[in-house]
Amino acid sequence: MTEDHHEHEPHDEDKDPSPTQPRIPMPRSSVEDTGLPLPTLDPPPLEHHVLKSLLGAWALAACSPEETTAVEDHLGTCGGCADEARRLREAVGLLQRPDSLDLDPGLRTRVLESCLDRRPPRIPVPEWAMAYDAETARLDALLQDFGEAEWHAPVRLRWFDGTKPTSRRTTVAGVIAHLMAVDGLISTALGLDDPLGDTATATHTPTGRTEAYWQASHFPPTRTVRAPWREQSHGIVRTVSFTGGGAGKLDVPYGDCELPLHDAMIDRAFECWVHAEDIAEAVDYPYDPPSARHLNRMIDLAARLLPTTLAERRRAGLASPARTPRHLVPAGKPGRTLRLEIEGSGGGEWLIPLDSPAAIGSADHEVAHVALDGAEFCRLAAGHVSPDEAATGQLGDREAIKEVLLATASLSRM
């Protein structure tokens, strides 16, 4: 019976498959079909030396999004790489095509100050020569984009001859030739080459040298004058820097007067700015005043020259004499004084002695008060604004105010 039971029991392979266990497996379900969030697979963190090597590409915006994220996360925790990244990003801005006219006017100053903070120059430029260095650089930046037509654009040089406004017509190239001829006064005082060479001059005044240079040219000056002018300005700055500032008291003859070198450099910076504005106006391009620090030095020079100019105008019969002999005070003593208040950028206050260049300005002896904007005062000193047109705030002795304004305009020349 047992044997019969085994004969009739079906084998495993003959059994019907269970309806809940199909022979062919069902497809595997996808994570996307479950509605659950996908797992995040974070890439392995980059090592420090790899991130540091990516800083240059990051500064140039050449990294992939993943690399950019990794670098920027790293900069928040690594001070050394953050400093290097900042320097590289600043340098990238300087890799563009030079177009100084469209850049922030303060960029050059900020870059230089940043560089000097990190690595002081082995031969620093004296403080009194920095305005000349800056203004010649700004003018050269204006000139670098000029085509042939701009170099021959007409320019009218204006100044005040002591009694009335006057002017002289030239070109942009002629203005640069004028600056080079007058800067030659400093060149020769420093023992450098004179741009006039052997050209004879009727007088060694700025006007005489300019007229001699213009007349000696076989053709009107062209854009070729830019290179020798710029080379001369570089040579002047280098030479005064090599002296360590010790040459600042060297006298520079202007024909009818002399100025110490440190004042002559401020004078040349002032004229460079004034004529740069003349050029910019001729080609219809905006041009900003100097920095406040340099503008203050220019205003200070003009204010210090006013007592001597007043005395010269009296000797020439162009100004009324001092009121009475009792106002003529001994040298070093206080006398009648005008308070010159300059507002705005580079401003300040100066006490101008009225009756003697050797007197001392004193607030206790103040008889008049004049207030002008800084740029307006400089344009008056350049002869670009007549004394009657200068927008001033006036208080006190009207005659003294008028004579000081006339003396300020008389500082100008071609």
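Colleague: Where does Ala358 lie?

Modeller: Happy to help, and please keep in mind that this is a predicted model. Ala358 has a relative accessible area of 38%, so it counts as partly exposed. Apart from residues up to four places away in sequence, Ala358 touches Ala331 and Gly332. As for its place in the chain, Ala358 sits in the loop between β6 and β7.

Colleague: How far apart in space are Ala358 and Pro334, C-alpha to C-alpha?

Modeller: In sequence, Ala358 and Pro334 are separated by 24 residues. In space, their C-alpha atoms are 9.3 Å apart.

Colleague: What is the order of the strands in the open sheet of four strands?

Modeller: The edge strands are β6 (348-353) and β8 (393-396), each of which pairs on one side only. Strand β5 (residues 334-343) pairs with strand β7 (residues 360-373) in the parallel sense, over nine bridges. The pairing in the sheet is mixed, and the order is β6-β5-β7-β8.

Colleague: Which helix packs on the sheet, touching β5, β7 and β8?

Modeller: Helix α14 (residues 292-315) packs on the sheet too, but it touches β5 and β6. The helix you are after has a direction that makes about 135 degrees with that of β8. It covers residues 398-410 and is helix α16.

Colleague: Which residue forms a salt bridge with Arg223?

Modeller: Side chains of opposite charge can pair when their charged atoms come close. Arg223 lies in the loop between α11 (206-216) and α12 (226-242), and its partner is in helix α9 (residues 148-151), so the pair ties together parts that are 75 residues apart in sequence. The closest N and O atoms are 3.6 Å apart, and the partner is Glu148.

Colleague: Is Asp278 buried or exposed?

Modeller: Asp278 meets Arg158 in a salt bridge (3.8 Å, N to O). Because Asp278 lies in helix α13 (residues 261-282) and Arg158 in strand β1 (residues 154-160), the pair ties together parts that are 120 residues apart in sequence. Arg158, at 30% relative accessibility, is partly exposed. Buried means under 20% relative accessible area, and at 4% Asp278 counts as buried.

Colleague: Which residues are linked with Glu271 and Arg413 in a network of salt bridges?

Modeller: Arg413 and Glu271 form a salt bridge, with the closest N and O atoms 3.8 Å apart. Arg413 is in the segment after α16 and Glu271 in helix α13, so the pair ties together parts that are 142 residues apart in sequence. Glu271 is buried at 6% relative accessibility. The residues linked with this pair in the network are Asp183, Asp267 and Arg268.

How values were computed: Residues numbered from 1 in each chain as written. Predicted model: local features only at pLDDT ≥ 70, side-chain atom pairs only at ≥ 80, totals over all residues. Heavy atoms only, no water. Pairing = 2+ DSSP bridges. Helix = DSSP H or I, 4+ residues; strand = E, 2+ residues; numbered from the N terminus. Contact = heavy atoms within 4.5 Å. Axes fitted to C-alpha atoms, helices over the stretch in contact; angles between N-to-C directions. Buried < 20%, exposed > 50% of the residue type's maximum accessible area, 1.4 Å probe, protein only. Salt bridge = Lys/Arg side-chain N within 4 Å of Asp/Glu carboxyl O.
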